[in-house]
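I opened the model to look up its confidence, its cysteines, one serine and one pocket. My entries follow the order in which I checked them.

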Amino acid sequence: MNEEQIKFKVLQENEKSHDAAAKNHTRSVPYQYRRNTRNYIYKLILNQLKDSKIDIYNCKILEVACGTGTFVKLAEKYNCQYHGIDISNNMIQTAKRNSNYKKATFEKISLEDFYKTNQEKYDIIISSSFIHHLYDVEEGLIQIRSMLKDNGIYIALHEEINNRKHTKIEILDKQLSWLFGYEGHIQFSLSKRIKRFIKYLFPKLKIKVDELYFERGTDYVDYQLNFDFNLTTNDLLKTYGKVIPYCYYTFPEFRFLSNVDNNCMFVMRAEQSRAEQSRAEQSRAE
């Protein structure tokens with residue numbers, strides 16, 4: 001496949017997989033279904049806005065890859081106009097059903113198409129677990145920045161790196177999530193979930209914790225993770241903004257643990273040189 005065919009395949013496979021995941025997506029995202037976790041994530045975002053001297057009240061917010069409307073409640077809390085875009089029609093339809101906020105709108109469209117008619121329009125752009133889906137990270141960041149107003153900010157939450165070791169508390173929480181169906185596993189029979197939990201309780205039978213490993217070039221859904229993508233070591237991201245370690249865990253109450261600081265948030269400001277953006281676009285064109 002040539003580059004354009006690969007790019008199309010990445011979008012196609014992401015759309016297909018997220019259509020399939022839409023039904024259980026809301027209950028599988030801790031910062032949507034768990035109030036404490038949601039408030040913690042909101043606090044992280046608000047801290048970044050405060051540091052950047054951005055007043056969130058009445059802002060225009062865009063959520064890229066919004067899923068079932070991850071940050072609608074944040075927008076509603078501060079009376080913001082909210083627009084969510086996603087390539088999955090099932091996600092968008094679920095988001096519409098989930099939200100009754102009058103200032104929230106949703107649209108099935110890709111970032112690649114949406115940015116073309118929405119230049120310098122948003123005060124805040126947010127995404128969660130999105131960057132690694134991009135075929136071309138630099139191109140995606142340029143597109144996102146072009147939609148920010150002069151004092152705008154892009155905040156991207158990102159999940160754990162794929163080789164991180166889980167804490168014992170996380171492992172227990174994962175098992176409880178399976179048992180009670182918090183992570184979308186309610187579709188499995190109760191007997192199967194109970195058997196899995198019993199196996200976990202007995203050390204000799206304890207199952208191995210699921211970890212994310214991707215075979216290079218085969219998993220388009222998490223495209224960048226095929227290439228050991230890691231926000232904290234990515235020089236491209238450091239050029240465009242800053243990476244901030246934080247806790248992205250199911251239980252943020254346990255963020256004081258010594259090894260919970262290897263997840264991160266990426267922050268990009270519009271004023272970090274639109275001239276630099278122009279140079280990058282010119283370089284890519286050449």
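Below are my notes, topic by topic.

**Overall picture**

I am working from a predicted model. I counted secondary structure first: the protein chain has 11 helices and 7 strands. The chain holds 286 residues, and 50% of them are buried. I then turned to contacts between residues at least 6 apart in sequence. Of these, 69% join residues at least 24 apart.

**Confidence**

I looked up pLDDT next. The mean for the protein chain is 82. A value of 70 or more is reached by 78% of the residues. I marked residues 204-218, where pLDDT stays under 50. The model still gives this stretch 25 contacts beyond four places in sequence. I leave those contacts alone, because predicted coordinates should not be read in detail where pLDDT is low.

**Cysteines**

How many disulfides does a search of the whole structure find? I get 0. I wanted to know why cysteine 80 is not bonded to cysteine 59. The closest cysteine sulfur to that of cysteine 80 is in cysteine 59, 5.3 Å away, so the two are too far apart for a bond. The cut-off I apply for a disulfide is 2.5 Å between sulfurs.

Are these cysteines buried or exposed? Cysteine 59 has 6% relative accessibility, so I count cysteine 59 as buried. Cysteine 80 has 0%, so cysteine 80 is buried too. The limit for buried is under 20%.

**Serine 28**

I located serine 28 in helix H1, which covers residues 3-28. Its relative accessibility is 28%, so I list serine 28 as partly exposed. I also checked the distance to serine 177. The two serines are 149 residues apart in sequence. In space, their C-alpha atoms are 9.0 Å apart.

**Second largest pocket**

What is the volume of the second largest pocket? I read about 220 Å³. It is lined by 15 residues, and the closest to its centre are Gln32, Gly69, Val72, Lys73 and Asn98. Three elements each give two or more residues to the lining: helix H3 (35-51), helix H4 (72-77) and helix H5 (89-98). Which element gives the largest share of the lining? That is H4, with 3 residues.

I sorted the lining by residue class last. I find 8 polar, 4 nonpolar and 3 charged residues.

Terms used: Residues numbered from 1 in each chain as written. Predicted model: local features only at pLDDT ≥ 70, side-chain atom pairs only at ≥ 80, totals over all residues. Heavy atoms only, no water. 1 Å grid on protein atoms, 1.4 Å probe; cavity = no way out; pocket = protein on both sides within 12 Å on 5 of 7 lines; lining within 4 Å. Points joined across faces, edges and corners; volume = space filled by probe spheres on them. Helix = DSSP H or I, 4+ residues; strand = E, 2+ residues; numbered from the N terminus. Nonpolar A, V, L, I, M, F, W, Y, C, P; charged D, E, K, R; others polar. Buried < 20%, exposed > 50% of the residue type's maximum accessible area, 1.4 Å probe, protein only. pLDDT = per-residue confidence, 0-100. Contact = heavy atoms within 4.5 Å.
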